[in-house]
Amino acid sequence: MTGNSPLVGIAFNSFAPAANRSDETISETSVEQTAAELFAALRDAGYAAVLLPLRDSLTDLVERLREQPCDLLINLCEAFRGIPQLEPHVAAFFEAMGWPFTGNGPVTLALCQQKFVSKAILQAHGLPCPDGALVQPGAELPDIALPVIVKPNAEDASLGIHPDSVIYERAQLQRQVERIWTGYHQPALVERFIDGREFNVGVLQRGSRLEALPVSEISFAGMPEGTPRIVGYEAKWFEDHPLYQATVPLCPAPITETLREALQSLAVKAFSAMGCRDYARVDFRTSGEGEIFVLEVNPNPDIGLGAGYARALKAAGLPYTEFWRILINNALERKG
């Protein structure tokens with residue numbers, strides 16, 4: 001403790017480029033920017049904080065914390081050694097070391113990272129999800145109605161998702177599935193494409209209470225004709241790209257009270273179904289007939305000042321520093 005204020009360590013994955021993916025690095029480098037923004041925000045709020053970049057060795061972090069013990073860690077790690085699939089392992093290491101940390105635990109991080117598994121869990125809890133199939137490398141294609149969207153099964157931040165990921169003709173499906181197999185070395189998720197509106201809802205845990213933040217919508221009004229209405233990698237990360245400029249976030253979303261209540265209720269249920277804690281974001285699509293589908297639960301969404309979760313906090317009238325005060329208190333309470 002520094003006076004009455006806890007010493008907060010901000011742990012984040014220092015950028016290491018993933019092999020064969022030089023065109024998909026912005027999502028990784030953004031974590032360092034978020035860590036810097038958070039450090040400044042905590043300092044302005046009166047907290048003592050230190051930056052703890054994780055590079056190639058967790059031993060280095062242990063030595064650093066022996067020299068300067070922290071009361072808790074803020075876990076911003078989305079990968080380790082440039083490998084997103086090691087994200088849950090970092091949280092598991094913190095847990096095994098007995099270090100209290102913010103955000104979701106390793107089991108939730110691992111389950112949510114496996115899109116097909118998380119879909120099964122959500123459906124088992126009665127939540128509506130698009131039909132889908134997991135296609136292992138070398139396996140035959142599933143018999144599934146088109147159109148579909150093809151994604152890597154275990155990536156986030158829209159990695160591996162581009163306009164050509166939406167498949168309208170079966171002849172294109174094999175090529176797209178093989179692109180996932182060879183480019184990401186993992187199974188492909190082939191999922192019914194819901195060609196409708198896209199929403200997301202942040203969920204925040206305040207002690208024992210769960211709160212759904214204002215609903216956000218991605219407006220596709222400016223999407224070029226003939227381009228699938230999705231938030232692929234280009235639309236998510238490249239600010240100068242036409243697809244980025246054609247996917248405009250609206251928060252609060254211009255929707256009916258009935259739809260707002262339904263989305264927020266489903267978001268809280270999905271949060272609980274996946275065993276989330278502290279915060280997460282739930283992504284939705286609605287069909288032309290008004291059906292609601294849960295796409296996925298993101299247990300470690302981008303929480304930088306310019307990202308969607310911070311936008312929803314602002315719409316809820318909750319200051320960014322107050323959000324972190326809540327999470328810090330949650331972590332300290334878990335410490336006991």
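These notebook entries record what I looked up in a predicted model of a single chain.

**Entry 1. Overall dimensions**

I began with the chain as a whole. Its secondary structure amounts to eleven helices and 13 strands. Along the principal axes, I read a span of about 65 × 45 × 40 Å for the C-alpha trace. I then asked what radius of gyration the chain has. The value is 20 Å, and it agrees with a compact globule, because a globule of 336 residues would have a radius near 20 Å.

I noted that 56% of the 336 residues count as buried. The accessible surface is about 14,600 Å², and carbon and sulfur atoms hold 52% of that area. For contacts with a separation of 6 or more, I found that 69% join residues 24 or more positions apart.

**Entry 2. The sheet of E1, E2 and E3**

I turned next to an open sheet of three strands, ordered E2-E1-E3 and paired in parallel. Its edges are strand E2 (48–54) and strand E3 (72–75), each of which pairs on one side only. On average, neighbouring strands of this sheet are turned by 30 degrees against each other, direction ignored.

I followed the pairing of strand E1 (residues 7–13) with E2, where seven bridges join the two parallel strands. In this pairing, Phe12 has Pro53 of E2 as its bridge partner. Helix H2 (residues 58–67) packs on the sheet and touches E2 and E3. I recorded about 160 degrees between the direction of H2 and that of E2.

**Entry 3. Strand E5 and its partners**

Strand E5 (residues 148–152) was my next stop, and five of its five residues are buried. In a regular strand, side chains alternate between the two faces of the sheet. I checked which residues of E5 point which way. Val148, Val150 and Pro152 point one way, Ile149 and Lys151 point the other way, and all are buried.

I then looked up the pairing of E5. Two bridges join E5 to strand E6 (residues 166–167) in antiparallel fashion, and Ile149 has Val166 of E6 as its bridge partner. Five bridges join E5 to strand E7 (residues 188–192), again antiparallel. There, Lys151 is matched with Leu189 of E7.

**Entry 4. Glu198**

Glu198 lies in strand E8 (residues 197–206). Is Glu198 buried or exposed? I assigned Glu198 to the buried class because its relative accessible area is 12%, under the 20% cut-off. Which side chain makes a polar contact with the side chain of Glu198? The partner is the side chain of Arg285, at 2.8 Å.

Leaving aside neighbours within four places in sequence, I listed the contacts of Glu198 as Ser216, Glu217, Ile218, Phe220, Val231, Phe284 and Arg285. Arg285 thus appears in this list as well as in the polar contact.

**Entry 5. Asn298**

I closed with Asn298, which is found in strand E13 (residues 292–298). Asn298 counts as buried because its relative accessibility is 9%, again under 20%. A polar atom of the Asn298 side chain lies 3.0 Å from the backbone nitrogen of Asn300. Not counting residues up to four places away in sequence, I found Asn298 touching Ala280 and Arg281.

Methods:
Residues are numbered from 1 along each chain as its sequence is written. This is a predicted model: local features need pLDDT of at least 70, side-chain atom pairs count only at pLDDT 80 or more; totals for chains, interfaces and linings use all residues. Side-chain values use heavy atoms; hydrogens and water are left out. Two strands pair if DSSP finds at least two bridges between them. Helices (H or I, at least four residues) and strands (E, at least two) are DSSP runs, numbered from the N terminus. Axes are lines fitted to C-alpha atoms, for helices over the stretch in contact, and angles run from 0 to 180 degrees between N-to-C directions. Contact means heavy atoms within 4.5 Å. The radius of gyration is taken over C-alpha atoms; the globule rule is 2.2 Å times the number of residues to the power 0.38. Buried means under 20% relative accessible area, exposed over 50%, partly exposed in between (1.4 Å probe, protein chains only). Accessible areas come from the Shrake-Rupley method with a 1.4 Å probe; for residues, only the protein chains shown count as cover. A polar contact is a pair of N or O atoms within 3.5 Å; within protein, one must be able to donate a hydrogen and the other to accept it, and residues adjacent in sequence count only if both atoms are side-chain atoms.
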